[in-house]
Amino acid sequence: QVITTWSLWWVVMVRDLAWWRDDAATVRAQLPAMRTVLETFLAAMGPDHLLRPPPGWNLVDWVWGRGWTDGVPPDGGHGCTAAIQWQWVITLQAAAELEDACGEPELAARCRLLAVAARQGAERFYAAGRGLYADDLDHRCFSEHANALALVAGGLLPARQTALVEALLAPAGDLAPASLYFTHQILEAAWTTRRADLLLRRLSAWDGLADQGLRTVIECPEPTRSDCHAWAAHPLFHALASILGVRPAAPGFAAVRIEPLLGDLPWAAGVLLHPRGAIRLDLRRGPHGLAGTIHLPPGITGTFIDAGHSLVLVPGENR
C-alpha cells in the first residue's frame, strides 16, 4: 500500500522532530530521503504550478460522499485537488525551515521559491463567489480540509483569512466535514489565526466520547473502523501547544515561545516534557490579562506573549 500524501506529512514530521527534540543527528540522517520525496513530487508539478500527485492512494481524510472516493477528494477529472496542493505548500515551507536549520541556505531558498509557485497554483482553486477554496478547479465541491490547510499555510490576506475561519465555525453545510483525525489541521488553523473560538469549538467534538463507553479515542465519528486510534489523540498536543501555547522558538527546542490561547477558559495548567526537563505552567485569567507561574528547565530561555505584551522568560520559575 503506497499512500503518497503520507510522504509529504513525513517531511513535516521531520521538521517537527528538529524543533521539538534535540536530536540533530537523526534529523540530518533524514535529509537525503526528504529531498528524494520533494523531487518526486516536484516532477508531478506542471508548468501551471499545479500538483498532480504521483500514482498511489492520495488519501486526505475519511469523507463519505460529496464526491470523495476512499478518502481522496474530488479532482473534477483534472488530476489535482486543493487539499493536496495546500499540503504541498506546507511541505515545501517545512523543508525550507529544515534546510536552513541544517546549514543549507541555498536549498532552503529553492524550497521557498517552489512554495511560492505552489501557492500560485493553489489560488486557482479560490472561488471568489463563495469566498472559499474549492476542492476542484471547476469550483463545484468544497471541504473543510482545503480551507483549513490554506489557513495553516499562512500568508492569506486578513479578510480572506477571516472568511475561511468563519466558514470553519459555521455548520458544515455543503463543506465536506473533517473527521476527528483531520480536525488536528483545523486546530492548527485556529492556532495560526489566533482564534480561540474556533479552537475550543472544534475541541468540543471530543465531548461525549466517554459517555459512549469509550476509554480511548476513535478515528472517525460512528460508524468508525477503530475504537483506539492515535490519529485522534491530538487534543493532548493542543492542550499544551495551543491552549497553553507552548511551542519551540528554535531548532532543538533551544528556546521556547509561550503564547496562550485560552479564549473564555478561566485557567489552564500543564506540564510539557522538554529534552532538558519539564516546562510547567499554571495560568489564570485576571483583570489585566493572564497571571501565574511558568517554570523552564535549566539552560532554556523564552518569551511569554499575551494581549500584545511580551515578557522574557529565564530558566527556573517565572511569575
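Does Asp211 count as buried or exposed, and at what relative accessibility? Select Asp211 in this predicted model and look at its surroundings. Asp211 has a relative accessibility of 74%, so it counts as exposed, the cut-off for that being over 50%. Its place is the loop that runs between helix 8 (196–203) and helix 9 (235–243).

Keep Asp211 selected and add Pro297. The two residues are 86 positions apart in sequence, and their C-alpha atoms lie 38 Å apart in space.

Next, go to Leu132, which belongs to strand 2 (residues 132–133). Leu132 has a relative accessible area of 5%, so it is buried; the limit for buried is under 20%. To see what surrounds it, show the residues in contact with Leu132, leaving out neighbours within four places in sequence: Phe125, Tyr126, Ala127, Phe142, Asn147, Ala163, Leu164, Ala167 and Leu175. One of these, Phe142, sits 10 residues from Leu132 along the chain, with 8.0 Å between the C-alpha atoms.

Another of those contacts, Asn147, leads to the next stop, as Asn147 is among the buried residues of helix 5. Select residues 144–153 to show the whole of helix 5. Because 10 of its 10 residues are buried, helix 5 is largely enclosed by the rest of the structure. The buried residues include Glu144 and His145 as well as Leu149, Leu151 and Val152.

Finish with the two ends of this helix. At the N-terminal end, Ser143 acts as a cap, with a side-chain oxygen 3.4 Å from the backbone nitrogen of His145. Just after helix 5 comes Gly154, where phi is positive, at about 75 degrees.

How values were computed:
Residues numbered from 1 in each chain as written. Predicted model: local features only at pLDDT ≥ 70, side-chain atom pairs only at ≥ 80, totals over all residues. Heavy atoms only, no water. Buried < 20%, exposed > 50% of the residue type's maximum accessible area, 1.4 Å probe, protein only. Helix = DSSP H or I, 4+ residues; strand = E, 2+ residues; numbered from the N terminus. Polar contact = N/O pair within 3.5 Å; in protein donor to acceptor, adjacent residues only side chain to side chain. Contact = heavy atoms within 4.5 Å.
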